[in-house]
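Good morning, and thank you for coming. I would ask you to look at the structure now being shown while I go through some of its features.

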Amino acid sequence: MAASCSIGKKATQQRFCDEYLVSFNAYQAALNAGYSNNTARKCELLHLPKIQTYLQAAMAKTAERLEITHDMILRELAKVAFANMGDYYDENAVLKPMNQLTPDQKAAIQQYQLIDAVGDYGERAGELSKIKLHNKMAALDKIARHTGFYAASQSSKSKVQSQQSKLILEGAGKSGS
């Protein structure tokens, strides 16, 4: 996946960037680019400003080419994060067929299996259905990080703690007079 622009001086750094853009695994990308195991393990290459700039530009170019927006990514994550397992079953607790699911419900599915159940004598005894949704907590975490929810929560917590400390100090000042 060679990019049209280059990083500059070192061919091994360019190779590292190209490998990283394929796997997003810095350790493996460094090894594939010809760096030693020790250098690869340190992951210092990702901290070099010219490599960071190059990777950011390459990822932005890919996103632009694919017309991927932050909103599109968040909408897909929301399908997973807010999927409800109960929506996949009918009133008899039987898994709904795929043709009865909405596109948003289908997007949240990681695995959908229909397995023929076999009796003691090899005859078909029924059908076993299994469904597995994508990781809801991981999707919620990604949404929270992307929207700055954790930073806002931390900021609110700091403000509350600051106000509590102020009240305690004021109370201590009044009782000491």
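I begin with a network of salt bridges that links Glu76, Lys79 and Asp104. Please bear in mind that this is a predicted model.

The network can be taken one pair at a time. Lysine 79 and glutamate 76 form a salt bridge through their side chains, with an N to O distance of 2.6 Å. Because lysine 79 and glutamate 76 are three residues apart in helix α5, about one helical turn separates them. The second pair is aspartate 104 with lysine 79, where the closest N and O atoms of the salt bridge are 3.5 Å apart. This pair links distant parts of the chain, since aspartate 104 belongs to helix α6, residues 103-107, and lysine 79 to helix α5, with their positions 25 residues apart.

Are these three residues buried or exposed, or do they fall in between? Lysine 79 has a relative accessibility of 23% and therefore counts as partly exposed. Glutamate 76 is also partly exposed, with a relative accessible area of 40%. Aspartate 104, at 43% relative accessibility, is again classed as partly exposed.

How many salt bridges does the structure hold? The number is seven. Another of them joins arginine 75 to aspartate 71, and here the closest N and O atoms are 2.9 Å apart. Both arginine 75 and aspartate 71 lie in helix α5, residues 70-81, at a spacing of four residues, or about one turn of the helix. Arginine 75 is partly exposed at 48% relative accessibility, and aspartate 71 is partly exposed with a relative accessible area of 45%.

Let me now place this in the chain as a whole. The chain has eight helices and two strands. Read from the N terminus, the order of elements is α-α-α-α-α-α-β-β-α-α. Of the 177 residues in the chain, 21% are buried. As for contacts with a separation of 6 or more, 43% are between residues 24 or more positions apart.

I turn next to helix packing. Two packed helices are described by the angle between their axes and the distance between the axes.

Helix α5, which we have already met, packs with helix α7, residues 136-147, at an angle of about 145°, and the axes are 8 Å apart. The crossing of α5 and α7 is left-handed. On the α5 side the contact involves His70, Leu74, Leu77, Ala78, Val80 and Ala81, and these meet Lys136, Ala139, Leu140, Lys142, Ile143 and His146 of α7. By class, the contact of α5 with α7 has eight nonpolar, two polar and two charged residues.

The other packed pair I wish to present is helix α1, residues 11-23, with helix α4, residues 49-66. Their packing angle is about 40° and their axes are 11 Å apart. α1 is therefore oblique to α4. The crossing of α1 and α4 is right-handed. From α1 the contact draws on Gln13, Gln14, Phe16, Cys17, Asp18, Tyr20 and Leu21, while α4 supplies Lys50, Ile51, Tyr54, Leu55, Ala58 and Met59. The contact of α1 with α4 comprises nine nonpolar, two polar and two charged residues.

From the helices I move to a strand residue, isoleucine 131, which is located in strand β2, residues 124-133. Isoleucine 131 counts as buried because its relative accessibility is 14%, and the cut-off for buried is under 20%. Which residues does isoleucine 131 contact, leaving aside neighbours within four places in sequence? They are Met85, Tyr88, Tyr89, Leu95, Ile109, Gln111 and Tyr112. Methionine 85 is 46 residues from isoleucine 131 in sequence, and their C-alpha atoms are 9.0 Å apart.

Finally, there are two backbone points for this audience. Phenylalanine 24 has a phi near 55°, a positive value in a residue other than glycine. Phenylalanine 24 sits in the loop between α1 and α2 and is partly exposed, with a relative accessible area of 46%. Alanine 93, likewise not a glycine, has a positive phi of about 60°. Its place is the loop between α5 and α6, and alanine 93 is exposed, with a relative accessible area of 60%.

That concludes my presentation, and I thank you for your attention.

Note on methods: Residues numbered from 1 in each chain as written. Predicted model: local features only at pLDDT ≥ 70, side-chain atom pairs only at ≥ 80, totals over all residues. Heavy atoms only, no water. Axes fitted to C-alpha atoms, helices over the stretch in contact; angles between N-to-C directions. Parallel < 35°, antiparallel > 145°, perpendicular 65-115°, else oblique. Left-handed = near helix turned anticlockwise from the far one by under 90°. Contact = heavy atoms within 4.5 Å. Nonpolar A, V, L, I, M, F, W, Y, C, P; charged D, E, K, R; others polar. Salt bridge = Lys/Arg side-chain N within 4 Å of Asp/Glu carboxyl O. Buried < 20%, exposed > 50% of the residue type's maximum accessible area, 1.4 Å probe, protein only.
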